[in-house]
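Trainee: I should like to take a close look at a single part of this model, the surroundings of the ligand. Could you please take me through them in a connected account?

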Amino acid sequence: MIKPSGVGFNECTRDNLQVVNLDGTIAPSDHKPSKDLGFHLDLYRIRDDINAIVHCHSPWATGYASAGIEIPCLTVQTIEKIGRMPLIPLSKEGGPQTDVDISPVFVDPSVKAAVLANQGTIGVGKDLMSAQYLAEIIEETAHIAYVRDTLMAAHGKTAADLPQYGTAADAQAAS
Ligand SMILES: O=C(CO)[C@@H](O)[C@@H](O)COP(=O)(O)O
């Protein structure tokens, strides 16, 4: 199932969601599937653990990626729930990222989220709620990173002024 093209998330209904088989066969409908169908299908094909994908254009995260900056996993939640959020640059031809650019990153089963320069974010999961949860964490983390980096610059601080941070398990192992 994928959202119809040209329709916002809030306008998605049971009746206009598009049903597509993994081989790309589209069930008859008055709408067309999202333009993003190609990379969604490929992610479902390459990873058995991916049953849902949330791709959106959240502004803080997309701003980071479009500036060519990988969002740092700086919150406890992001470290524990996501681990890292690779930045996927525009395609070789300078166009929007497709499965050709996206799938090689997600072949690594530890990757649960990525950010596409000039396009948006991808969160994947075992179900829609899990993928949506990651989409929210990606955006919150980018916003927090922006606040941190802005404050640090205003106060003349650098990364060297910050303590090392890691997971609760890392801290426990180190104690
Ligand atoms: O970011 C992109 C560009 O491919 C898409 O998510 C966006 O244009 C939405 O397209 P659809 O309306 O879902 O076909």
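Mentor: The account below goes from the model itself to the ligand and its contacts.

This is a predicted model, in which local features need pLDDT of at least 70, side-chain atom pairs count only at pLDDT 80 or more, and totals for chains, interfaces and linings use all residues. Residues are numbered from 1 along each chain as its sequence is written, and side-chain values use heavy atoms, with hydrogens and water left out. The chain averages a pLDDT (the predictor's confidence in each residue, from 0 to 100) of 95, and 99% of the residues score at least 70. The model has an ipTM of 0.94 and a pTM of 0.92.

An automatic or database assignment divides the chain into domain 1 (1–35) and domain 2 (48–168). Their centres, taken over C-alpha atoms, are 26 Å apart. Both domains give residues to the shell around the ligand, so the ligand lies between them.

That shell (residues with a heavy atom within 4 Å of the ligand) consists of Lys3, Ser5, Gly6, Ser34, Lys35, Asp36, His55, His57 and Gln119. Six of these residues are polar, three are charged (Asp, Glu, Lys and Arg count as such, and Gly counts as polar), and none is nonpolar.

Polar contacts are pairs of N or O atoms within 3.5 Å. The side chain of Ser5 places an N or O atom 2.6 Å from a ligand oxygen. Lys35 uses a backbone N or O atom, 2.8 Å from an oxygen atom of the ligand, whereas Gln119 has a polar side-chain atom 3.2 Å from a ligand oxygen. Taken alone, the ligand exposes 370 Å² (Shrake-Rupley method, 1.4 Å probe), and the protein buries 77% of that.

Definitions and conventions:
Polar contact = N/O pair within 3.5 Å; in protein donor to acceptor, adjacent residues only side chain to side chain.
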